[in-house]
Amino acid sequence: MPKESQGLTLDGQGKPLWLSLELTYRCPLKCSWCSNPLNFEDYTERELSTEEWKATLREARALGTLQLGFTGGEPLLRDDLEELVAYADGLGLYTNLITSGIGLTEARLIALKEAGLKQVQLSLQALRSSLTDELVGAKAHTRKLAAARLIKAHGFPMVMNMPVFKQNIDQIDAMCAFAAEIGVEYIEFANIQYYNWAMVNRDELMPTLEQVREAEATIQRWRDKLGDSMTLYFVIPDYYEGRPKACMNGWGAISLTIAPDGVAMPCLEARVIPGLEFVSVRDKPLSWIWHESPLFRKYRGVDWLPEPCRSCSEKEKDFGGCRCQAFLLTGDAGNTDPACSLSPHHHVVQQAVASTVQALRFRKPLIRRTKSAVSTAYMEE
């Protein structure tokens, strides 16, 4: 396979096979685990125009991109979504809509299908209306279930995504039953990663190891019951596994994210790392950004790895874990991900895990995704 000059053989022959277009950070929900930037409202006036997004799609396709996710925030808040879907489909891209379901009317779904949309990923948090609405900070439950039924009624392959945390982990059995009832093809139970809003709320969101193991057992029972009729994914919480995830299959390996203001990133969280030079598609060709920019080359491959990763037999599997998590938990994105039991910083993760089973913990309300929430939270601390 072709190699970058740093010596790494990239999955997908060095191509950004998966492209995420974060069309907007605007969203009608206020989820307390949202992965969008804490200052998300600062980007509203800088969103790429329709023609700028189209130019980005052309450049990405020329680079070898095959699959495309329209995401956000809530991508349905962009009036040009159907136009962009049609344009991407015309380029030969396999298009996915990643949505909360809020705003997904039947008329809009029909228009998206006519535009060439191939698949929909819908987020559902619970099967109890009071719990869903409390978690997302809006009257959303009824509309989410209606969106799920609409998606299947119009024949779309569907990924149902349930972010998993302490408050809803006992909903997994009910979610499997609902998905089987309406004919969902894929369910992703994703133990959340602790960035941005989730990091602010980590102590209140993290389930115990016992809860995680019970969830795994429940999912296995449904796998045995459903067989090949549905695929169930369980994204493990790396705080408990002793080894980090191969985040994005490696920094700058197969995944490319474009933020609402056009900044290209190896992952949607990369902006949490200070000192990196972020470049917008407004300023540089996407090909240069992917192949040559200091940002994408910074942690690409394995040559940059510190010890103990450099000598580890698993370095080609996990690439040292997540750079964003390493920064958030140790202050240095170049450190071994503390989720790894071999990391000299693993005690930071162990301390966080230990807090989930403390008998007398100070409880505080979840901090919602609102403009003033973060500054208010830190003032209270």
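Which residue does Glu-241 meet in a salt bridge? Select Glu-241 and Arg-213: their side chains come together at 3.4 Å, N to O. Keep in mind as you go that this is a predicted model.

**Stop 1: the opening salt bridge**

With that pair still selected, colour the two helices. Glu-241 belongs to helix α10 (residues 238-241) and Arg-213 to helix α9 (residues 209-226), and the pair links distant parts of the chain, 28 residues apart. Now turn on the surface. Glu-241 counts as partly exposed, at 30% relative accessibility, and Arg-213 is also partly exposed, with a relative accessible area of 35%.

**Stop 2: other charged pairs**

A search of the whole structure finds 17 salt bridges. Next, pick Arg-368 and Glu-134, whose closest N and O atoms are 3.1 Å apart in a salt bridge. Arg-368 sits in the loop between α15 (346-354) and α16 (373-380), while Glu-134 is in helix α4 (residues 129-136), so the contact ties together parts that are 234 residues apart in sequence. At 24% relative accessibility, Arg-368 is partly exposed.

Move on to Asp-80 and Arg-78. Are these two buried or exposed? Both Asp-80 and Arg-78 are buried, and their salt bridge has its closest N and O atoms 2.8 Å apart. Add Arg-26 and Glu-47 to the selection, and you have a network of salt bridges that links these two with Arg-78 and Asp-80.

**Stop 3: Trp-33 and its surroundings**

Now for the rings. The whole structure holds 7 aromatic pairs. Select Trp-33 and Phe-165: their ring centres are 4.6 Å apart and the planes meet at 40 degrees, so this pair is tilted. Why does the pair tie together parts that are 132 residues apart in sequence? Trp-33 lies in the loop between β1 (18-22) and α1 (50-63), and Phe-165 lies in the loop between β5 (158-164) and α6 (172-182), so the two rings bridge that separation.

Check the burial of each ring. Trp-33 has a relative accessible area of 11%, and under 20% means buried, so Trp-33 is buried. Phe-165 is buried as well, at 0% relative accessibility.

Expand the selection around Trp-33. Leaving out residues up to four places away in sequence, Trp-33 touches Gln-125, Leu-135, Val-136, Pro-163, Phe-165, Ile-192, Trp-197, Ala-198 and Leu-205. Trp-33 is also listed among the residues with the most contacts inside the largest nonpolar core, together with Leu-21, Phe-70, Met-160, Ile-172, Phe-189 and Ile-258. That core has 110 residues, and α6 gives the most to it, with 6 residues.

**Stop 4: the annotated cysteines**

Stay in this part of the chain and select Cys-27, Cys-31 and Cys-34, which UniProt lists under "binding site" in an unreviewed entry. Cys-31 is found in the loop between β1 and α1, and Cys-34 has its place in the loop between β1 and α1 too.

Cys-31 is buried, with a relative accessible area of 11%. Beyond its neighbours up to four places away in sequence, Cys-31 touches Leu-135, Val-136, Trp-197 and Arg-369. Cys-34 is buried, with a relative accessible area of 14%. Which residues is Cys-34 in contact with, leaving aside neighbours within four places in sequence? The answer is Tyr-195, Asn-196, Trp-197, Ala-198 and Arg-369.

Zoom out and colour residues 13-225, which the unreviewed UniProt entry lists as "domain: Radical SAM core". Over residues 13-225 the chain is 43% helix and 16% strand, with the end C-alpha atoms 38 Å apart.

**Stop 5: more rings, and charges over them**

Select Trp-290 and Phe-296, another tilted aromatic pair, 5.4 Å centre to centre with 55 degrees between the planes. Trp-290 is buried at a relative accessible area of 0%, and Phe-296 is buried with a relative accessible area of 0%.

Then highlight Trp-251, Tyr-299 and Trp-304, which form one aromatic cluster. Keep Tyr-299 and add Arg-323, which lies over the face of Tyr-299 at 5.9 Å from the ring centre. For a last view, go to Tyr-43 and Arg-46: the charged end of Arg-46 sits over the ring of Tyr-43, 4.8 Å from its centre.

Note on methods: Residues numbered from 1 in each chain as written. Predicted model: local features only at pLDDT ≥ 70, side-chain atom pairs only at ≥ 80, totals over all residues. Heavy atoms only, no water. Phe/Tyr/Trp six-rings, centres within 6.5 Å; stacked < 30°, edge-to-face > 60°. Helix = DSSP H or I, 4+ residues; strand = E, 2+ residues; numbered from the N terminus. Buried < 20%, exposed > 50% of the residue type's maximum accessible area, 1.4 Å probe, protein only. Lys NZ or Arg CZ within 6 Å of the ring centre and 35° of its normal. Salt bridge = Lys/Arg side-chain N within 4 Å of Asp/Glu carboxyl O. Core = buried A, V, L, I, M, F, W, Y, C linked by side-chain atoms within 4.5 Å. Contact = heavy atoms within 4.5 Å. UniProt positions renumbered as here; feature names shortened; annotations may be inferred.
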